[in-house]
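Trainee: I'd like to learn how to read a protein model. Could we go through one together?

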Amino acid sequence: MRRHWRTFSTVLRRFAATPLATLLTLSVIGIALSLPAGLYLLLSNLNHVAGNLDAEPQISLFLKRDAGKDVIRQIDARLKKHPGVKNHLFVGRDQALKDLSASSGLGDVTAGLTHNPLPDAYVVNAVENDPAMLEKLRAEAAGWSGVETAELDSSWARRLDALLGLGRQITLIVAALLGFGLIAGTGNTIRLQILTRLEEIEVSKLIGATDRFIRLPFLYHGALQGLLGGMAGWAIISASAYFLDSHIAQLAGLYGSAFHLELLGAGQTVVLLALSALLGWIGAYLAVSHFLRHFHLSHR
């Protein structure tokens with residue numbers, strides 16, 4: 001344990017001995033990590049917004065203007081008997097005009113109309129929300145006598161869900177590429193550290209130092225560098241979210257929403273820091289293992 005603490009302290013002193021180089025390295029790692037983490041935070045907030053919206057699919061049946069009461073009764077009876085319909089609501093043209101005037105603030109405009117341009121309609125909730133079943137029900141209802149057109153109102157929700165899925169895939173790709181870049185960058189840093197301490201390593205090997213003894217300080221160096229870089233990335237994300245939150249809240253307020261950006265939670269922050277430290281450790285392990293393999297081959 002004392003040996004690990006001594007190695008850890010030595011690595012910290014080496015960081016402190018080269019403050020500018022350390023700061024630049026940690027900044028690069030922090031910026032690289034903030035990109036996928038920032039995308040994840042953005043998608044998490046968009047997913048939260050989408051979850052608060054009413055995304056239950058509905059089918060709207062707009063009736064022909066000449067549809068009489070007998071036709072409306074027939075459609076109502078078919079909806080009641082249809083096994084794919086959970087419930088339905090009839091919206092008369094007069095009620096639709098009244099709701100439009102109240103909800104859109106166009107009361108003065110609608111009051112000046114000489115006739116009601118809106119049709120009678122049914123709002124239908126299906127038993128199953130499967131897109132194929134919904135489209136089948138919509139197409140079937142569109143062919144009923146008295147129905148002018150049938151529209152599926154959940155298409156926007158499916159498009160949003162598809163966009164979020166695409167965003168998640170892009171985030172994974174960016175995270176994988178930048179993770180590989182972090183491993184390669186850490187490996188290169190460790191390789192330079194090995195070159196500057198080559199004589200010390202050779203002497204240690206001559207007096208019997210094991211590979212584990214040689215490898216340990218570099219593993220600490222890589223893991224600590226990754227951890228500090230992860231902390232820099234977290235700081236970049238948090239500061240960006242803090243400055244953007246007031247502007248986003250102001251924009252959301254214009255749409256009657258009290259939305260605020262959510263920051264990374266404690267669990268997500270721990271995962272970010274653990275992954276950054278692990279990537280740094282992997283980069284250091286690969287670099288030292290490569291050096292030791294060639295060292296043994298050249299000293300046989």
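**Reading the model, feature by feature**

Mentor: Let's start with one residue: D76 counts as buried, as its relative accessibility is 19%. Keep in mind that we're looking at a predicted model.

Trainee: Why does D76 count as buried?

Mentor: Buried means under 20% relative accessible area. D76 has 19%, so it falls on the buried side of that cut-off.

Trainee: And which residue does D76 form a salt bridge with?

Mentor: The general idea is to look for a side-chain nitrogen of Lys or Arg within 4 Å of a carboxyl oxygen of Asp or Glu. Here K80 is the partner of D76, and their closest N and O atoms are 3.3 Å apart. Both sit in helix α3, 4 residues apart, which means about one helical turn lies between them. K80 itself counts as exposed, because its relative accessibility is 62%.

Trainee: How many salt bridges does the structure hold?

Mentor: There are 5. Another one is made by E135 and R138, whose side chains meet with 2.9 Å from N to O. These two residues share helix α6 (residues 131-142), where they are 3 residues apart, about one turn of the helix. With a relative accessible area of 36%, E135 is partly exposed.

Trainee: What about a salt bridge that ties together parts farther along the sequence?

Mentor: Try D120 and R93, whose closest N and O atoms are 3.5 Å apart. R93 belongs to helix α4 (residues 93-104) and D120 to the loop between α5 (107-111) and β3, so the pair ties together parts that are 27 residues apart in sequence. Both D120 and R93 are buried, too.

Trainee: Now the strands. How do I read which ones pair up?

Mentor: Look for bridges between strands, then check which way the strands run. Strand β1 (residues 58-63) and strand β3 (residues 121-126) are antiparallel and joined by 5 bridges. Within that pairing, Q58 is opposite N125, and I59 has V124 as its bridge partner.

Trainee: Which other strand does β1 join?

Mentor: β1 also has 5 bridges to strand β4 (residues 147-152), again running antiparallel. One pair to find there is S60 with E151 in β4.

Trainee: And how many bridges join β2 to β3?

Mentor: 6 bridges link β3 with strand β2 (residues 85-91), and these two run antiparallel. On that side, N87 stands opposite N125. So N125 in β3 is worth finding on your screen: Q58 stands opposite it, and N87 does as well.

Trainee: Is there a general rule for where strand side chains point?

Mentor: In a regular strand, side chains alternate between the two faces of the sheet. As for cover, β3 is mostly covered, with 5 of its 6 residues buried.

Trainee: What can I learn from residues that are far apart in sequence?

Mentor: Compare the separation along the chain with the distance in space. R65 and L118 are 53 residues apart along the chain, and their C-alpha atoms are separated by 8.5 Å. R65 lies in the loop between β1 and α3 (69-81), and at 44% relative accessibility it counts as partly exposed. Now take S246 and H221: they are 25 residues apart in sequence and 39 Å apart in space, C-alpha to C-alpha. S246 is found in helix α9 (residues 211-254).

Trainee: Zooming out, how is the chain divided?

Mentor: Into domain 1 (1-52 + 158-298) and domain 2 (58-152). Taken over C-alpha atoms, the centres of the two domains are 55 Å apart.

Trainee: Which residues does the "transmembrane region" annotation cover?

Mentor: That one comes from a record: the unreviewed UniProt entry gives residues 20-43, 170-190, 218-243 and 263-288. You can then look at what the model does there. Residues 170-190 are 100% helix, with end C-alpha atoms 30 Å apart. Residues 218-243 are likewise 100% helix, and their end C-alpha atoms are 37 Å apart.

Trainee: Last one: which residues make the nonpolar surface patch?

Mentor: For a patch, you look for nonpolar side chains that sit together at the surface. Here V271, L275, L278, W281, Y285 and L286 make one of about 550 Å². L278 lies in helix α10 (residues 266-298), and its 42% relative accessibility makes it partly exposed.

Methods: Residues are numbered from 1 along each chain as its sequence is written. This is a predicted model: local features need pLDDT of at least 70, side-chain atom pairs count only at pLDDT 80 or more; totals for chains, interfaces and linings use all residues. Side-chain values use heavy atoms; hydrogens and water are left out. UniProt positions are given in the numbering used here, feature names are shortened, and annotations may be inferred rather than shown by experiment. Patches are made of residues with over 30% relative accessible area and no salt bridge: like charges are joined within 9 Å, nonpolar side chains (Val, Leu, Ile, Met, Phe, Trp, Tyr) within 5 Å. Accessible areas come from the Shrake-Rupley method with a 1.4 Å probe; for residues, only the protein chains shown count as cover. Buried means under 20% relative accessible area, exposed over 50%, partly exposed in between (1.4 Å probe, protein chains only). Domain bounds come from an automatic or database domain assignment. Two strands pair if DSSP finds at least two bridges between them.
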